[in-house]
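Biologist: Hello! I would like a close look at one part of this model: which residues make up the largest nonpolar core? Please tell me as well how the rest of the chain is arranged around your answer.

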Amino acid sequence: MRITQELVDYIAGLARLELEPEEKRDMTAELERIVAYMDVLNQLDTAGVEPISHVFPVKNVLREDEVTPSQDRAELLAGSPAGDGEAFLVPKAVE
């Protein structure tokens, strides 16, 4: 695949980049090297290779949820400048 100036302009527009002419030339060369490498990878025989989504096995590294009691509502609202006993009251920000 040939990387044209129009394609670089299009990609830069999608990425919201403003490239100088020298940067466009560099980007064109870099994209051509990437596409050439993808062509090399496309020539590999992967018929017997099982598809995977991650290189390493995916496992949940988060801890289990623990149910704990929450703070007392009245205690939390006690320090607020304005409240209705159920929630914090704040000034209207949008008309």
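Modeller: Happy to help; I will begin with the ground rules, go on to the core, and then follow the chain outwards.

This is a predicted model, in which local features need pLDDT of at least 70 and side-chain atom pairs count only at pLDDT 80 or more, while totals for chains, interfaces and linings use all residues. Residues are numbered from 1 along each chain as its sequence is written, and side-chain values use heavy atoms, leaving out hydrogens and water.

Now to your core. Six residues make up the largest one: Ile3, Val8, Ala12, Leu19, Leu31 and Val35. The elements that contribute two or more residues to this core are α1 and α2. A nonpolar core here is a set of buried Ala, Val, Leu, Ile, Met, Phe, Trp, Tyr and Cys residues joined through side-chain atoms within 4.5 Å. Buried means under 20% relative accessible area, exposed means over 50%, and partly exposed covers what is in between (1.4 Å probe, protein chains only).

Contacts give a closer view of this part, a contact being heavy atoms within 4.5 Å. Leaving aside residues up to four places away in sequence, Val35 touches Met1 and Ile3. Thr28, which lies in helix α2, touches Ile3, Gln5 and Val8 by the same count. Of those partners, Ile3 and Val8 also belong to the core. With a relative accessible area of 13%, Thr28 is buried. Ile34 is likewise found in helix α2, but at 43% relative accessibility Ile34 counts as partly exposed.

Between α1 (5-14) and α2 (21-42) comes a loop, and Arg16 is found there. Arg16 has a positive phi of about 55° although it is not a glycine, and its relative accessible area of 76% makes it exposed.

Stepping back, the chain has three helices and zero strands, where helices are DSSP runs of H or I with at least four residues and strands are runs of E with at least two, numbered from the N terminus. The radius of gyration of the chain is 28 Å, well over the 12 Å that the globule rule gives for 95 residues, so the chain is more spread out than a compact globule. That radius is taken over C-alpha atoms, and the rule is 2.2 Å times the number of residues to the power 0.38. Along the principal axes, the C-alpha atoms fill a box of roughly 65 × 45 × 20 Å.

Some C-alpha separations show this spread. Ile34 and Leu77 are 43 residues apart along the chain and separated by 58 Å. In the segment after α3 (73-77) lies Val90, which counts as exposed at 68%; its distance to Gly48, 42 residues away in sequence, is 63 Å. Pro91 is placed in the segment after α3 too and is exposed at 72%, with 64 Å between it and Ala47.

For the chain as a whole, 9% of the 95 residues count as buried. Of the contacts between residues at least 6 apart in sequence, 23% join residues at least 24 apart.
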